[in-house]
Amino acid sequence: MTRTIGARGAISTSHHLATEAGAAVIEAGGNAVDAAITAAATLCVVYPNNVALGGDLVALVRSPHGEVHFLNATGRSPSGQTLAGLRERHGDALPLRGIDTVTVPGGVRGWRALHDFGATREWAQHLAPATEFAEAGHPTARSVAAALIENHASLAQDPGARDIFYPNGEPLTAGETLVQPALAATLRTLAEQGADAFYSGELARTWVAGLRGAGSQITLEDTAAYRPEWAEPLAGDFDGHRVLTGPPNTSGFMLLRALNAVAQRIEDPLGAGAGALAAAFRDANAVRAAFLADPAAGPSGEQLVAAEVPTGDHVADPKRSGDTVGLSAVTADGWAVSLINSVYCSFGAHILEPQTGVLFQNRGTSFALDPALPNVFAPNKRPRHTLMPVMVLRDGELAWVPSTMGGSAQPQIHAQLLLRSFGGAAPQEATHAPRWIVDEIGGDGKLTVTLEEDVPETARDAIVAAGFELNIVPRYSEDLGHSNLIRVRAAALDAASDPRSDGSAIVVDA
């Protein structure tokens, strides 16, 4: 969708109800920060397989002064948990889900940090659409309905999740009304008492007690002490553009590694050079598996961009396509936001605390239990993250605001979006183009590329020639991520949302 220079702004998200809520904020005079918080809160209600109040957040925020700041609202491990205790219960690796994978959720205080940094609307206004959708209900999205079927065996074992998502023992179907009364009450409490209520006070006591009853080591002291952090973005240059992304513990460095590889030696990276690009993605996966961690314990982003590829086997994240939401927002006053909010895997830890209606992330599964690795579990530590926001500048001015879900493949999806965009593709073309990703090496040691069936034969042949096996999936498969993209030009704003999601993009006229 395209509008003239007089547009008030644009927003793109992975669910059309969240996009519409954010666009209404811009229409009413709010800025990109207001729109982003409102859309993110709405997504926590309408897209629960991907995001919830019990998840984490990262964002890049550009102010009207042209400064770009990175917000790290990823949560920490329980202070009373120990590596020895986890190894005794789980052996050499944490499970994919379960109570020991729940870390302190950072997202709600992340929203508050964004609000304090640049919002113009009242805090309670951000949460109003989400509260209405939770209380009155909304049609179950296609992606949610599919995830309920896929995760039935595990998710339905949790009493809180079963009551909400499996009425009468059967999963909600696409279009069926999803109502979340306890979550609506929680959102009203947050609107009235502020974000701190989620981390201290009665609301915090309720959900912490619920988790501790299931065996969690998270305490009220852990939640009360949690604070998001502002930092400088990780930046690199490519083809006359300044690419900004998140530093560790995010995976942003991988995007810069891929772009550097293209700049140095890869011609036609999405065609005949796709095999070389796939090799660059493979190498970046290996660096992440070996070295990415909480920045207090591991290398800097700059060090990871320059790191030599490690030798030996590095088995990484257990799931290729993490279930996450990305959203992009831009307003004419100069504000822009690339935001990622997540519960990690589909429906997170498969634990929904019934009194508050809050679903909790399983981000702790990303911790290693090998003491030799920087990402090894430790108390009050942040795990490595797949999340990464992105912005692109040209001649110092904002040019693109992308965002995507896609788990460990987020850097690869961003690379393909940007390579197409830099080549002249409009957001609609870039987000709808055929896509492929290099899977992380699992226990079988295979090098596999998951590839949509309409990827051109030239690229497919180049990937095979580079030594990768192909896992061919249908066109517009969710395994290849939900991207969003806004292009900022002197004459127009263009915005598009990925057809692999339930999303939409709206440009708001002046």
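The structure holds zero disulfides. The model is a predicted one. Salt bridges, by contrast, come to a count of 21. The points below cover the cysteines, the salt bridges, helix H17 and His15.

**Cysteines**

- The cysteine sulfur closest to that of Cys44 belongs to Cys345, and at 17 Å it is too far away for a bond.
- Cys345 is likewise in no disulfide, its nearest cysteine sulfur being that of Cys44.
- A disulfide would need the two sulfur atoms within 2.5 Å.
- Cys44 is buried, because its relative accessible area is 4% and the cut-off for buried is under 20%.
- Cys345 is buried too, with a relative accessible area of 0%.

**Salt bridges**

- Side chains of opposite charge can pair when their charged atoms come close.
- Asp237 pairs with Arg242 in a salt bridge, with 3.0 Å between the closest N and O atoms.
- Asp237 has 53% relative accessibility, so it counts as exposed.
- Its partner Arg242 has 36% relative accessibility, so Arg242 counts as partly exposed.
- Arg288 and Glu440 form another salt bridge, at 3.5 Å from N to O.
- This pair links distant parts of the chain, 152 residues apart: Arg288 sits in helix H13, and Glu440 in the loop between E16 and E17.
- Arg288 counts as buried, at 1% relative accessibility.
- Glu440 also counts as buried, at 14% relative accessibility.
- A salt bridge joins Asp294 to Arg382, whose closest N and O atoms are 3.3 Å apart.
- Asp294 is in the loop between H13 and helix H14 (301-306), while Arg382 is in the loop between strand E13 (358-359) and strand E14 (390-394), so this salt bridge ties together parts that are 88 residues apart in sequence.
- Asp294 and Arg382 are both buried.
- Asp294 and Arg382 also belong to a network of salt bridges that links them with Arg76 and Glu229.

**Helix H17**

- Helix H17 spans residues 457-465, and its buried residues are Ala459, Ala462 and Ile463.
- These residues lie on the same side of H17, because they cover an arc of only 100° around the axis.
- Glu457 and Ala465 are exposed on the other side of H17.
- The buried residues of H17 pack against one helix, H13 (274-291).
- They also pack against strands E16 (436-438), E17 (448-452) and E18 (469-473).
- Helix H13 also holds Arg288, whose salt-bridge partner Glu440 is in the loop between E16 and E17.
- Gly467 follows H17 and has a positive phi, near 100°.

**His15**

- His15 is located in the loop between strand E2 (9-13) and helix H1 (16-27).
- His15 is buried, with 2% relative accessible area.
- Leaving out residues up to four places away in sequence, His15 touches Leu43, Val46, Tyr47, Ala141, Asp502 and Gly503.
- The side chain of His15 reaches the backbone nitrogen of Leu17 at 3.1 Å.
- His15 and Ser143 are 128 residues apart along the chain, yet their C-alpha atoms are separated by 9.7 Å.

Methods: Residues are numbered from 1 along each chain as its sequence is written. This is a predicted model: local features need pLDDT of at least 70, side-chain atom pairs count only at pLDDT 80 or more; totals for chains, interfaces and linings use all residues. Side-chain values use heavy atoms; hydrogens and water are left out. Buried means under 20% relative accessible area, exposed over 50%, partly exposed in between (1.4 Å probe, protein chains only). Helices (H or I, at least four residues) and strands (E, at least two) are DSSP runs, numbered from the N terminus. The arc is that of the directions from the helix axis to the C-beta atoms. Contact means heavy atoms within 4.5 Å. A salt bridge is a side-chain nitrogen of Lys or Arg within 4 Å of a carboxyl oxygen of Asp or Glu. A polar contact is a pair of N or O atoms within 3.5 Å; within protein, one must be able to donate a hydrogen and the other to accept it, and residues adjacent in sequence count only if both atoms are side-chain atoms.
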